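Visitor: I am new to this structure and would love a close look at one part of it. Could you walk me through the sheets of chain B, and then show me what lies around them?

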Amino acid sequence: MFNNILEQLINGLRTGSIYALIALGYTMVYGIAKMINFAHGDIIMVGAYALYVAIVLLHLPVIPAIIFTCVVCSVLGILIERIAYKPLRNAPRLAVLITAIGVSYFLQSASLLIFKATPIPFQSIINIQSINIGGVTISGITIVTLVVTTISMIALTLFINKTKAGSAMRAVSEDMGAAQLVGINVNRTITLTFAIGSFLAAVAGILYICQYQSLKPTMGALPGIKAFVAAVLGGIGSIPGAMLGGIILGIIESLSKAFISTELSDAIVFSVLVIVLLVKPSGFLGKKKNEKV
Amino acid sequence: MLKVKNLNVYYGNIHAIKDVSIEVNEGEIVSLIGANGAGKTTTLQTISGLLKARSGEIEFLGHDLIKTEPHKILQLGVAQVPEGRRVFAELSVKENLQLGAYTIKDTAENIKEDRKMVYKRFPRLQERKKQLAGTLSGGEQQMLAMGRALMSRPKILLLDEPSMGLSPLLVKEIFEIIKEVNKSGVTVLLVEQNAKMALSISDRAYVLETGKIAMEGNAKELMQDEAIKKAYLGA
């Protein structure tokens, strides 16, 4: 029983760290551009198809295929921002939100046109033996997922806190006008944010597809919406919040699947969101902000 | 150095700035005084490029600022210390100053020298360099906002209500520093509600009333003007 709980916790950590990677994209874009990029989940789907194209159709080796996937997603993120969101910089927030939903449908429909609706099976590119520690089995994909997400999060944290571009991002997120007054190019900072967020979504997409091994055009929707929940849970706009929110969400999901009900696990996850927001509307690590008049 | 000609700025349908013309010569301290809502901040925001003018000209050292983006205006040498300081509260004092030098293309060594100069001018910032800017007192935040602007090596400093919310003693200190900064070769355009203080350190001044220039002239002469005395100097 104890080993079982431990295994479920580790599974939860694996799924949760993927949610966390995706949630980082939501939270960073929200922090900088003050918008919810609902097309973010579909970047995962594009990443998964990009990996499929690279490995199965182009026969690229694993490492170039991964690089290809990350480049495709980052460029796509930048293009989406430039084409769909930038013209709406001063538009009402609702217009931007609806546009984001439109972009999401556009990406899903485009991949439906290209790759059709039938799910495509995909062989995982991660072939590492599972290990056994004191009776607890940890699969190869779990190890890789945990290592990759940990490295990504450390790298992102260092980037945000230690580099000039990172402090520019923090400045824009806090006060866009003041950031412009110290000479920060806000448009370039927003572009960079979308590129980083989409890069992380590509990494998440690769890990996700290695776990689920099947591609379909709507595959980004559910992890996307759960990662959004994770970002809100952790406090939207907060980077450590997104990491924490993602991991907590993954663990709750995994434990409820194992010990309560597989069918109810999503309902439980969303109920947790409702409860947390009732008790602490700003999320775990979110800051209470007084809206400026 | 800075020439604003027939500037008109609107907020939606509200005509906030009406045909305002201002000139600042190199080395001067010029102040823009007027009541709350007269359009002082709007004028500065438009010079810095954060607000767009509907018509008029803004020229700085031969460059047209009207269509220039805010970060490029800063690079030309126009730095603003905004109303309410607007320091980056969640960044440390040092990080705030470092961001002030964001557009400076120079060695880290020389930027560090600039930072030392700021610390010399504002010793209290040095004591608190690791502290988050949000934890500073109002006076310290004003100093940080000024230090941050100075880090960009400005040719002209636009100061928006530096005295706001500060004790009379601190206001005096801040104005002393403005004079020193000006003596070190930085031209100053000062926006103030505290007309007495502003006029006392200025060479020239403009009086803004409901978006229009109501009066302009030598600061000392304006201080003697009966109408100004009555409306702004509390005499």
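Guide: What follows is a walk through the two sheets described for chain B, then the contact with chain A and a few salt bridges. Please keep in mind that this is a predicted model.

Let's begin with the sheet of 4 strands. It is open, its order in chain B is E2-E1-E4-E5, and the pairing is antiparallel. At the edges stand strand E2 (14-24) and E5 of chain B, each with a single partner strand, so one side of each has no neighbour in the sheet. Now follow the pairs. E1(B) and E2(B) run antiparallel and are joined by 7 bridges; here Tyr11(B) stands opposite Ile14(B) in E2(B). Strand E1 (residues 2-11) of chain B is also joined to strand E4 (residues 55-60) of chain B, by 5 bridges and again in antiparallel fashion. In that pair, Asn8(B) has Ser55(B) in E4(B) as its bridge partner.

Moving on, E4(B) pairs with strand E5 (residues 63-64) of chain B over 2 bridges in the antiparallel sense. Glu59(B) has Asp64(B) in E5(B) as its bridge partner. The hairpin of E4(B) and E5(B) has 2 residues between the strands, and Leu61(B) takes a positive phi near 45 degrees there. A helix accompanies this sheet too: helix H1 (residues 40-47) of chain B lies across E1, E2 and E4 of chain B, running at about 115 degrees to E1(B).

H1 also gives us a path to the other sheet. Lys40(B) and Glu161(B) meet through their side chains in a salt bridge (3.7 Å, N to O). The pair links distant parts of the chain, 121 residues apart: Lys40(B) is in helix H1 of chain B, while Glu161(B) is in the loop between E7 and helix H7 (168-183) of chain B. Are these two buried or exposed? Both Glu161(B) and Lys40(B) are buried.

E7 belongs to an open sheet of 6 strands in chain B, with the order E6-E7-E8-E3-E9-E10 and mixed pairing. Its edge strands are strand E6 (78-81) and strand E10 (212-218) of chain B, each of which pairs on one side only. On average, neighbouring strands of this sheet are turned by 15 degrees against each other, direction ignored. For one pair in detail, look at strand E7 (residues 156-160) and strand E8 (residues 187-192) of chain B, which run parallel and are joined by 5 bridges. Within this pair, Leu157(B) stands opposite Val188(B) in E8(B).

This sheet has a helix across it as well. Helix H6 (residues 138-150) of chain B lies across E6 and E7 of chain B and runs at about 170 degrees to E6(B). In the loop between H6 and E7 of chain B you will find Arg153(B). Arg153(B) is not a glycine, yet its phi is positive, at about 50 degrees. With a relative accessible area of 37%, Arg153(B) is partly exposed.

Let's stay in chain B for one more salt bridge, between the side chains of Lys116(B) and Glu113(B) (3.7 Å, N to O). These residues are 3 apart in helix H4 (residues 108-121) of chain B, so about one helical turn separates them. Lys116(B) is partly exposed, with a relative accessible area of 47%, and Glu113(B) is partly exposed too, at 39%.

Finally, look across to chain A. In the contact between the chains, 18 residues of chain A meet 21 residues of chain B. The area buried between chain A and chain B is about 1,800 Å², and carbon and sulfur atoms give 59% of it. Glu174(A), Leu181(A) and Val182(A) supply 36% of the area that chain A buries against chain B, more than any other three residues. There are 2 salt bridges between chain A and chain B. One that joins the chains is formed by the side chains of Glu95(B) and Arg170(A) (2.6 Å, N to O). Over all chains, the structure holds 16 salt bridges.

Key: Residues numbered from 1 in each chain as written. Chains lettered and ligands numbered in written order. Predicted model: local features only at pLDDT ≥ 70, side-chain atom pairs only at ≥ 80, totals over all residues. Heavy atoms only, no water. Pairing = 2+ DSSP bridges. Axes fitted to C-alpha atoms, helices over the stretch in contact; angles between N-to-C directions. Contact = heavy atoms within 4.5 Å. Buried < 20%, exposed > 50% of the residue type's maximum accessible area, 1.4 Å probe, protein only. Buried area = accessible area lost by both parts, 1.4 Å probe. Salt bridge = Lys/Arg side-chain N within 4 Å of Asp/Glu carboxyl O.
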